[in-house]
Amino acid sequence: MKRGLFTIIGVTAGAVGAVALAPVALTMAGFTSAGIAAGSLGASMMSSAAIANGGGVAVGSLVALLQSAGAAGLSAGAAAAVASVGGAAGAVIGGAADLFSHSRSPPSLEEEDDGNEEEEEIEMLFLESKDLVPK
């Protein structure tokens, strides 16, 4: 298998998977289209943000951005950011898989070429000459 194939697969799967699963993760965290769900992680984050800001949630804060994405879906910019993070995570996992798969398999003929053609030719001639010598 070609080197880097798992990395390419990892980047693609990570980017697509992150964008596809972001709405599910937002809903599970409590950022729904109807507002922040009571007793959820989102409610806890909103409470902490409100306490830190004197009773309100600041515009542009993480809680505000997550609630906006939970209510209206990901904007193009947010989707690009999520895809970038997912792609980076996929690259790390795919790169590790590439490294592991190539460290355990024997090298291919393309990878065995170390540039010592002259030494290899001499060795082949020596082995062939051994067959010609009577025993």
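Accessible areas here come from the Shrake-Rupley method with a 1.4 Å probe. By that method, the accessible surface of the chain comes to about 9,500 Å². Carbon and sulfur atoms own 68% of that surface. The model is a predicted one.

Start with the whole chain. It has 135 residues, and 18% of them count as buried. The chain holds six helices and two strands. Read from the N terminus, the order of elements is α-β-β-α-α-α-α-α. So one helix comes before the two strands, and five helices follow them. Now take the contacts with a separation of 6 or more. Residues 24 or more positions apart make up 65% of these.

Next, the annotation. An unreviewed UniProt entry lists residues 44–66 and 78–97 under "transmembrane region". Such annotations may be inferred rather than shown by experiment. What does the model show over each stretch? Residues 44–66 are 61% helix and 0% strand. The end C-alpha atoms of that stretch are 13 Å apart. Residues 78–97 are 100% helix, again with 0% strand. Here the end C-alpha atoms lie 28 Å apart.

Look now at helices α2 and α3. Helix α2 covers residues 41–52, and helix α3 covers residues 62–72. Their axes are 9 Å apart and make an angle of about 145°. The crossing of α2 and α3 is left-handed. Which residues meet there? From α2 come M45, M46 and A49. From α3 come L62, V63 and L66. The contact has six nonpolar residues, no polar ones and no charged ones. That tally follows because Ala, Val, Leu and Met are all counted as nonpolar.

L62 deserves a closer look. This residue sits in helix α3 and meets α2 as part of the contact. Is L62 buried or exposed? L62 counts as exposed, because its relative accessibility is 53% and the cut-off for exposed is over 50%. Its C-alpha atom is 9.0 Å from that of A49. The two residues are 13 apart in sequence.

S68 is also found in helix α3. Its relative accessibility is 42%, so S68 counts as partly exposed. That class lies between the 20% limit for buried and the 50% limit for exposed. S68 and S33 are 35 residues apart in sequence. In space, their C-alpha atoms are 8.6 Å apart.

Move on to helix α4, which spans residues 76–104 and includes D98. Is D98 buried or exposed? D98 is buried, because its relative accessible area is 7% and buried means under 20%. What does D98 touch, apart from its neighbours within four places in sequence? The answer is K2, R3, G4, L5, F6 and T7.

L99 lies in helix α4 too. At 63% relative accessibility, L99 counts as exposed. The C-alpha atoms of L99 and T7 are separated by 9.6 Å. Along the chain, L99 and T7 are 92 residues apart. T7 is also one of the residues in contact with D98.

Put the two sites in helix α4 together. D98 is buried, at 7%, whereas L99 is exposed, at 63%. For the α2 and α3 pair, keep in mind the angle of about 145° and the six nonpolar residues of the contact.

Technical notes. Residues are numbered from 1 along each chain as its sequence is written. This is a predicted model: local features need pLDDT of at least 70, side-chain atom pairs count only at pLDDT 80 or more; totals for chains, interfaces and linings use all residues. Side-chain values use heavy atoms; hydrogens and water are left out. Helices (H or I, at least four residues) and strands (E, at least two) are DSSP runs, numbered from the N terminus. Buried means under 20% relative accessible area, exposed over 50%, partly exposed in between (1.4 Å probe, protein chains only). Contact means heavy atoms within 4.5 Å. Axes are lines fitted to C-alpha atoms, for helices over the stretch in contact, and angles run from 0 to 180 degrees between N-to-C directions. A crossing is left-handed if the near helix is turned anticlockwise from the far one by less than a right angle, and right-handed if clockwise.
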